[in-house]
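Here is a set of short exercises to work through with the structure open beside you. Try each task before you read its solution.

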Amino acid sequence: MKKITIAPVSRIEGHAHITIHLREDGEVESTQFHVTQVRGFEKFVEGRPYYEMPGITARICGICPISHLLASAKTCDALMAVRIPPTAAMLRELIHCAQVVQSHALSFFHLSAPDLLLGMDFDPARRNVLGLAAKWPEQARDGIELRKFGQQIIERLAGERVHPSWIVPGGVASPLESEAREEILQRLPHAREIIRRTLELYKSMLDRFAEEVENFGTSATMWAALVDPAGNLQLYDGRIRFAGMNGELIGDAAPEQYGGAIAEASLADSYMKAPYYRPLGIPNGIYRVGPLARLNVAGCCGTPEADRELAEFRQRFGRVPASSFHYHYARLIEITYALERIKQLLDTPGILDSQVRARAEVNAAEGVGVIEAPRGTLIHHYKVDANGAMKWANLIVATGHNNLAIGRGVEQVARHFIDGNRLREGMLNRVSALVRAFDPCLSCSTHASGVLPLRIELRSASGAVLDELRS
Amino acid sequence: MPEAGQKKVSIRIDGELVQLPASHTILQAAAMAGRFIPTLCHFDGLADAGACRLCVVEVSGVARLLPACTTPVQEGMSVVTDSPKLAAYRRMILELLLAERNHVCAVCVSNGHCELQNLAAQLGVASVRYPYRYPKLPVDLSHPRFVLDQNRCILCSRCVRVCASVEGAHVWNVMSRGIHSMVVADLNDPWGDASSCTGCGKCVNACPTGALSEKGQAVEEMMKNTAQLVTIAMRKAVRA
C-alpha cells in the first residue's frame, strides 16, 4: 500500500496534515485528517477569576478573537445572572457582524480565491494572495478593502483590531460615539458594492467547478446552527438547531442544554476531539456547522438583499445544498447579511445610549455562552466557586464540530481526484482546498493542544512514503 | 524642601551641587535636582523598605551600588544616578522580577496601567534573558470587594506599609524567606477571613501591579488612584 502525506495544509488557520493510503492499483484505500496542535486553555484557567476569561480565551485566536470574547462574555453574563442592557447587546452584535465580514473576507479572498480564481492546478509557487494580486488585482484589492472595513469597525468600537478588551462581562466597556456611527455608515456603501460584484463574479464562474461541487464533501450529514425564535439566521444569540441532511428539524437545544445534544469523541490520531449529535451517535449524528450550515438550517436571513441571494442559491442548488464547496457561496451571502445587519443596527434608536454595562457579583455556579463564530457554533461553558474562581471550563469550537465532516470530505475528494499512478500536485491541492472550504481554525479547536499548515503523505502498500506535499 | 533649623549638607548629584537637610535620602536629593531614578517599592508618604533595588546608584568611594531610597545623604557625597552599568543592573532587576512569577501582561487586569510594565518599557526591557519559573501560585478571591493575585506580586511591600502606617490595620505581612516569600493577610488567612481588614482599599491603590485589584475589573480595566493615596499618606506622614 502507498501513502501520501500532505503536510502542512497551507492557507488555513492553524496546522494539520493529511495521510492518504493507496492500494497496489493506485486507488485510494483510506484517508486521515490529523490536527497536531495543543490548546490547553481549559486547564490553565483553573483558579483565575471568571471575569478574566474573555481576555484570556480571546488569546486562543488572533483571527477571530471577537468570537471568543463574545462567547466568554455571554458565559460570564450567565454566571452573574444578569440581563445586559439592550444597547450593549446591539453593540456586541454590531462588532460581531464586523468580525464576520473581515473573517469571511479573509477566508474567501486571501485563502481560497487563489484556488478559485487562479485555478486548482495553477503553479503552487504563485497560487497565493500575491499571485492573485498579480493576475486579479481588482479582486485582491476588494478583499483587502472588505477586510479593512470589518477591522476598522472593530477598531472604532473597541479601540484596537486584535484582542481588544472592550467586550466585558455584563455588556461592553463604553458606548458607541456618534462620530463613529457616522463614519461606519459612510464607509458601508463601498463595502456593499464590493460584495455585490464579488457575488456576481463568483456566480459567473461556478460552472468551472462542477466537478468540485459534485465531489467536495457531499456525503450526508446533519447541520447545526443558532436560529432566532422564528427559525431564521442568527449570529449572536438564539437556540442551537439541529437539522437533518434535507433540512428537516431534528431538535432544538437551549445553549445551557448543549450537553444533552452534543457528545465528543476522542480520536487516536488527532488532538482535535470529534463532536457529534448525542441522540444519534456516530456516524448518523455527524453534523456540519458554519456558513453553509447556518443557511441550510435557517428559514431565511431576515435582511432583503441577503434573502434575495439566498433564494437564488437555493434555486440553483436546492433547499439544502450538500456540497461543502458551497461554503464559499454561503460565506459571500453571509457577508451581504452582516453588512445589511450593520446598517439596521446603526439605524436602531438607542444604539448611542450610554447605559451599556450591567454589574453584578457571581450569582450562578455554572454558565454557558453560545454564539455563531464565522466558522460556526462556538460554545463556552464554565463552572466557578462561590468567590468566582474558575473551577472548570469546556470550549467547543466551530472547527471541532466539523472535524468528522472534514475527515469524510477529505476521503471523498481523495477518492475522486487522486490517481496514485499519475500523481499531480493539483490532485493533492484539491484535498487541501476541501479543508480550506471549511475555513477551519485548528489552533482554536483542539482541546489539549493544536497545527493546519497541512501535510499530505502518499504511502505505498508496504507503508513506505512515496510522496509528500508540504504547504 | 529643606526645613528651617535642620543641619544642611551639600552633595553632588551627577555633578550638580544640591543642598538639603542631613535627614534626607539620595532619592530625595535626586528629585530636588530634577533627576529621574526608577523605583517600584518607594511610595511618597511611606517609610522606605529598599525592597526592589531598582533605585541603586553609584556613590564615589563606595565599591558597591547603594539604594537611593534608604541611603541618607552625607556631606561631600558625589552620586551618579545614571550610567551604562546602572542601566544594565536595573534592566536585570526588572527581568528577574518578570521571570520570577507569572506576569502575563496581555491578560492582566492592570495591563496598560502597571508600574512594572511601564518601567520595563521605559528602561528598554524588550525581552527576558532568564528562564521563566512559572510557579503555581494561588489567586485569593475570598474578599467580597478585592482580589490578591500572587502571580503578579513583586513583594515591594507597599501594601504592608500603607496598611500599617496609614490605615493602622496592619492586615498584610510578608511570610517566609527568599524565593518563598509571600504577602499574607493576618496569620496567613484567606483575605476574606482576615478580621483586621477594614476594606478601605488603600493596599489596592498602593499596589504597583495587578497583584491587588478590585473584584470584577476585567482585563486592562484596573486603574489605581495613586495620586489620592499619596496625598493621604503625605498628610499622615507630616502629622506623625
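Below come the ground rules, then five exercises with worked solutions.

This is a predicted model, in which local features need pLDDT of at least 70, side-chain atom pairs count only at pLDDT 80 or more, and totals for chains, interfaces and linings use all residues. Residues are numbered from 1 along each chain as its sequence is written, while chains are lettered from A and ligands numbered from 1 in the order in which they are written.

**Exercise 1. Find out how confident the predictor is about chain A, and where pLDDT stays under 50.**

Step 1: pLDDT is the predictor's confidence in each residue, from 0 to 100. For chain A the mean is 90, and 94% of the residues reach 70 or more.

Step 2: Now look at residues 445-452 of chain A, where pLDDT stays under 50. The model still has 48 contacts beyond four places in sequence for this stretch; a contact means C-beta atoms, placed from the backbone, within 7 Å.

Step 3: Where pLDDT is low, the predicted coordinates should not be read in detail.

**Exercise 2. Work out whether the radius of gyration of chain A agrees with that of a compact globule.**

Step 1: The radius is taken over C-alpha atoms, and the globule rule is 2.2 Å times the number of residues to the power 0.38.

Step 2: For 471 residues a compact globule would come out near 23 Å; chain A has 21 Å, which agrees.

Step 3: Along the principal axes, the C-alpha atoms of chain A fill a box of roughly 70 × 50 × 40 Å. Buried residues account for 58% of the 471 in this chain. (Buried means 20 or more other C-beta atoms within 10 Å of a residue's own, exposed 12 or fewer, partly exposed in between, with C-beta atoms placed from the backbone.)

**Exercise 3. Describe the surroundings of strand 1 of chain A.**

Step 1: Chain A has 16 helices and 18 strands. These are DSSP runs numbered from the N terminus: helices are H or I with at least four residues, strands E with at least two.

Step 2: Strand 1 covers residues 2-7, and 6 of its 6 residues are buried. One side holds Lys2(A), Ile4(A) and Ile6(A), the other Lys3(A), Thr5(A) and Ala7(A), and both faces are covered.

Step 3: Strand 1 of chain A runs antiparallel to strand 2 (residues 16-22) of chain A, with 5 bridges between them; two strands pair if DSSP finds at least two bridges. Thr5(A) has Thr19(A) as its bridge partner.

**Exercise 4. Trace the open sheet of 4 strands in chain A.**

Step 1: The order is 9-8-7-12, with mixed pairing.

Step 2: Strand 9 (249-253) and strand 12 (287-288) of chain A each have a single partner strand, so one side of each lacks a neighbour in the sheet.

Step 3: Strand 7 (residues 222-227) and strand 12 of chain A pair in the parallel sense over 2 bridges, with Met222(A) opposite Tyr287(A).

**Exercise 5. Look at how the two domains of chain B touch.**

Step 1: Chain B is divided into domain 1 (8-82) and domain 2 (87-239); such bounds come from an automatic or database assignment. Their centres, taken over C-alpha atoms, are 24 Å apart.

Step 2: In the contact, 16 residues of domain 1 of chain B meet 23 residues of domain 2 of chain B.
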